[in-house]
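Hi,

Here is the structure I promised to send over. Have a look at it first, and then read on for what turned up when I went through it.

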Amino acid sequence: MLTRKQLDLLEFIHKRVQRDGVPPSFDEMKEALDLRSKSGIHRLITALEERGFIRRLAHRARAIEIVKLPESLGGDPSGFQPRVIEGDRPEGPRPANFEPVVVHAVELPVMGRIAAGVPIEAISQVSHQVAVPGGMVSGSGEHYALEVKGDSMIEAGINDGDVVVIRESSVADNGDIVVALVEGHEATLKRFHRKGNAIALEAANPAYETRVFPEDKVKVQGRLVGLIRTY
């Protein structure tokens, strides 16, 4: 059973996905439901996810997918029917030339924890290895993984306990999610913005303020290219 606000938000997301092909932003949701802050939207999104109506997708912008709808919004009263991606399974025996798709995994070092909140001490020690799909590290450059500690990037689909995959880089474009070394001894995961001679490290959670530093106090250590979540 959904509350009125939960139903209103689900209907708004559904209509926007049908119209635009992508979900609305948190700001658009807040305005549509006439809420004072995005934290209220956050609670509604979490409630809808816990009830199985939506799914938040990792490392993607506007990362919300509608899983099912209630009957009042045109949902199937018999329950959710899963979709088959990449076409239905072919009927009959497999052709003689059938070859199964093999997904290659790559072992990456997990360099410890990275703060998605208040910065913690810089990480340089390998704690263990993690296997990731080869396609996730297909770009040039070295890659490594970090375990996320904190909730400042939750609106970017990055939760406490997730493992992020990072491609080493010393440069970033505005809007990139990066591992940044602050003042030589603190490491944090934030969205990068250059403003003149200053660097802004922006959280994806309204509870955290954007931190601004002189450009010589921030060194980019890598860009986010993937995320692994264990349930």
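Below are my notes, taken part by part. One thing to keep in mind throughout: this is a predicted model.

**Helix α3 and what surrounds it**

Let's start with α3, which covers residues 38-50. Its 13 residues span 18 Å from the first C-alpha to the last, close to the 18 Å expected at 1.5 Å a residue. Which residues of α3 are buried? They are G40, I41, H42, L44, I45, A47 and L48. The cover over these buried residues includes two helices, α1 (4-20) and α2 (26-32), along with the strands β1 (54-56) and β2 (64-66). If you follow the chain just past the end of α3, you'll come to G52, which has a positive phi of about 80 degrees.

**Two nonpolar cores**

The largest nonpolar core is made of 18 residues. Inside it, I114, L146, I158, V164, I166 and L189 have the most contacts. Strands β3 (105-115), β6 (143-149), β7 (163-168), β8 (177-182), β9 (186-195) and β12 (218-228) each put in at least two residues. The top contributor is β6, with three. There is also a second, separate core of 16 residues, and L9, I45, L48 and I54 are among them. You've met I45 and L48 already, in the list of buried residues of α3.

**The strands around β9**

Next, have a look at β9, which pairs with β8 on one hairpin and with β10 on another. The β8 and β9 pairing is antiparallel and runs over six bridges. Within it, L181 sits opposite A187 of β9. Three residues lie between the two strands of this hairpin, where E183 has a positive phi near 55 degrees.

β9 is also joined to β10 (residues 198-202), again antiparallel, by five bridges. Here R191 faces E202 of β10. This hairpin has two residues between its strands, and G196 takes a positive phi near 65 degrees.

**Salt bridges**

How many salt bridges does a search of the whole structure find? It finds six, and three of them are worth pulling up on your screen.

- E11 and K15: their side chains meet at 3.2 Å, N to O. Both are in helix α1, four residues apart, which is about one turn of the helix. E11 counts as partly exposed because its relative accessibility is 25%.
- E28 and R16: this salt bridge is 3.3 Å, N to O. E28 belongs to helix α2 and R16 to helix α1, so the pair ties together parts that are twelve residues apart in sequence. With 26% relative accessibility, E28 counts as partly exposed, whereas R16 is buried, at 13% relative accessible area.
- R223 and D176: these side chains meet at 2.9 Å, N to O. The pair links distant parts of the chain, with R223 in strand β12 and D176 in the loop between β7 and β8, 47 residues apart. Are they buried or exposed? Both R223 and D176 are buried. D173 comes into the picture here too: salt bridges with shared partners connect D173, D176 and R223 in one network.

That's what I have for now. Shout if you'd like to go through any of it together.

Cheers

Notes: Residues are numbered from 1 along each chain as its sequence is written. This is a predicted model: local features need pLDDT of at least 70, side-chain atom pairs count only at pLDDT 80 or more; totals for chains, interfaces and linings use all residues. Side-chain values use heavy atoms; hydrogens and water are left out. The expected span of a helix is 1.5 Å times one less than its number of residues. Buried means under 20% relative accessible area, exposed over 50%, partly exposed in between (1.4 Å probe, protein chains only). Contact means heavy atoms within 4.5 Å. A nonpolar core is a set of buried Ala, Val, Leu, Ile, Met, Phe, Trp, Tyr and Cys residues joined through side-chain atoms within 4.5 Å. Two strands pair if DSSP finds at least two bridges between them. A salt bridge is a side-chain nitrogen of Lys or Arg within 4 Å of a carboxyl oxygen of Asp or Glu.
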